[in-house]
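Work through the following exercises with the sequence and the model side by side. Each task is followed by a solution that proceeds step by step.

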Amino acid sequence: MTIPEGARRRYASPVREERARRTRAHVVATAGKLFAARGYAGTSMRQIAAAAGVSLETVTQTGRKPQLLLAAFRDGFAGDPDALNLDAVAGPAGPADLPPVVSRVAAGLRGSLPIWRAFTTAAAADAEVAAVRAELAVVRRADIAARLVASGMADGGEIGRLADAIGLLMSHEAYDHLTAVCGWTHEEYVAWAAKAVPAQLTLDWR
C-alpha cells in the first residue's frame with residue numbers, strides 16, 4: 001500500500017544529526033585553513049574536499065564558496081560558524097564589564113585575522129564576496145549600537161557614529177596594523193583598547 005506523502009512519518013536521528021554537524025564543522029574549519037594559507041582565489045571547492053577527506057558533494061552541501069568563507073570567518077572569530085552577532089564571543093548584552101568584553105573580542109580578532117585578510121583580498125576582486133563583507137559590516141555596526149543601548153552606555157540618539165568609532169578601534173584592521181605593522185603585542189593591544197573604547201563615551205557625538 002502506498003502511503004500518502006502527507007502521512008509519511010519523519011524520523012529524527014540524533015546520531016545522524018550530530019554526525020552531519022561534525023562533518024560541517026570539519027569542512028568549514030578545513031576551508032578556513034586553506035583560505036588563510038592560499039587565499040580565496042587560490043582555494044577551490046575540490047581542494048577543500050580533498051583536504052577534508054570528504055566528497056565534493058559534501059562540501060557543496062555545506063555551502064557555496066562565499067558562504068564557506070563567511071562560515072570560516074565566523075568560526076575563527078566566535079568559535080561558531082553560525083554566529084550571527086557579538087553575543088557568541090562577548091556574551092549577552094547587558095550591564096557593561098568592558099575589560100573582559102574587550103579581551104574576548106580581541107581574542108576573536110586574533111583568532112580570525114588570517115581568514116579576515118583572505119576575506120578582504122577576495123572582496124576586492126569578487127563582487128559576491130564584497131557584498132557579503134559589506135553586509136557583515138552593516139550587521140556589526142547595528143550590533144554594536146544595540147549592545148551600547150542595552151548596556152546603558154549610550155542612548156539611541158546619535159549612536160551610529162559612536163558605534164562606528166568603537167567598531168574601528170575593535171576591528172581587524174586596527175588589530176592588524178598595531179600588532180603586525182607597529183609590533184604591539186596582543187596584550188598591549190588589549191590594554192590600549194580597554195582604555196580607548198570607554199574614552200569614546202566621553203565625546204560629544206551629536
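**Exercise 1. Establish how far the model can be trusted and what kind of fold it shows.**

Step 1. This is a predicted model, and the protein averages a pLDDT of 88, with 90% of the residues scoring at least 70.

Step 2. Over residues 1-5 the pLDDT stays under 50, and for this stretch the model has 1 contact beyond four places in sequence.

Step 3. The secondary structure comes to 10 helices and 0 strands, which read along the sequence as α-α-α-α-α-α-α-α-α-α.

Step 4. Of the 206 residues in the protein, 38% are buried, and among contacts between residues at least 6 apart in sequence, 59% join residues at least 24 apart.

**Exercise 2. Describe the largest pocket: its volume, its lining and the helices that supply that lining.**

Step 1. The largest pocket holds about 580 Å³ of space, and 27 residues line it, with Phe73, Leu136, Ala137, Val139 and Arg140 lying nearest its centre.

Step 2. Helices α4 (65-78), α7 (127-150), α8 (159-169) and α9 (172-181) each contribute at least two lining residues, and α7 gives the most, with 10 residues.

Step 3. Sorted by class, the lining consists of 15 nonpolar, 4 polar and 8 charged residues.

**Exercise 3. Locate the largest nonpolar core, and then trace the surroundings of Phe77 and His172.**

Step 1. The largest nonpolar core has 52 residues, and those with the most contacts inside it are Phe35, Ile48, Leu68, Leu69, Phe77, Phe119 and Tyr189. Helix α6 (residues 98-125) provides the largest share of this core, 12 residues.

Step 2. Leaving aside neighbours within four places in sequence, Phe77 is in contact with Leu86, Val89, Val105, Gly108, Leu109, Ser112 and His172.

Step 3. His172 lies in helix α9, and, again without residues up to four places away in sequence, His172 touches Phe73, Phe77, Gly108, Leu109, Ser112, Leu113 and Trp116.

Step 4. His172 counts as buried because its relative accessibility is 7%, where the cut-off for burial is under 20%.

**Exercise 4. Is Thr30 buried or exposed, and which residues does Thr30 touch outside its sequence neighbourhood?**

Step 1. Thr30 is found in helix α1 (residues 14-38).

Step 2. The relative accessibility of Thr30 is 10%, so Thr30 counts as buried.

Step 3. Not counting residues up to four places away in sequence, Thr30 touches Ile48, Ala51 and Ala52. Ile48 is also one of the residues with the most contacts inside the largest nonpolar core.

**Exercise 5. Decide how well helix α8 is covered, and name elements that help to cover it.**

Step 1. Helix α8 is mostly covered, since 8 of its 11 residues are buried.

Step 2. The buried residues in α8 are Ile159, Gly160, Leu162, Ala163, Ala165, Ile166, Gly167 and Leu169.

Step 3. What covers these buried residues includes α7, α9 and α10 (186-200).

**Exercise 6. Place Asn85 in the chain, classify its exposure and relate its position to that of Asp143.**

Step 1. Asn85 is found in the loop between α4 and α5 (87-90).

Step 2. Asn85 is classed as partly exposed because its relative accessible area is 35%, a class that lies between the cut-offs of 20% and 50%.

Step 3. Although Asn85 and Asp143 are 58 residues apart along the chain, their C-alpha atoms are separated by 6.5 Å.

Conventions
Residues numbered from 1 in each chain as written. Predicted model: local features only at pLDDT ≥ 70, side-chain atom pairs only at ≥ 80, totals over all residues. Heavy atoms only, no water. pLDDT = per-residue confidence, 0-100. Contact = heavy atoms within 4.5 Å. 1 Å grid on protein atoms, 1.4 Å probe; cavity = no way out; pocket = protein on both sides within 12 Å on 5 of 7 lines; lining within 4 Å. Points joined across faces, edges and corners; volume = space filled by probe spheres on them. Helix = DSSP H or I, 4+ residues; strand = E, 2+ residues; numbered from the N terminus. Nonpolar A, V, L, I, M, F, W, Y, C, P; charged D, E, K, R; others polar. Buried < 20%, exposed > 50% of the residue type's maximum accessible area, 1.4 Å probe, protein only. Core = buried A, V, L, I, M, F, W, Y, C linked by side-chain atoms within 4.5 Å.
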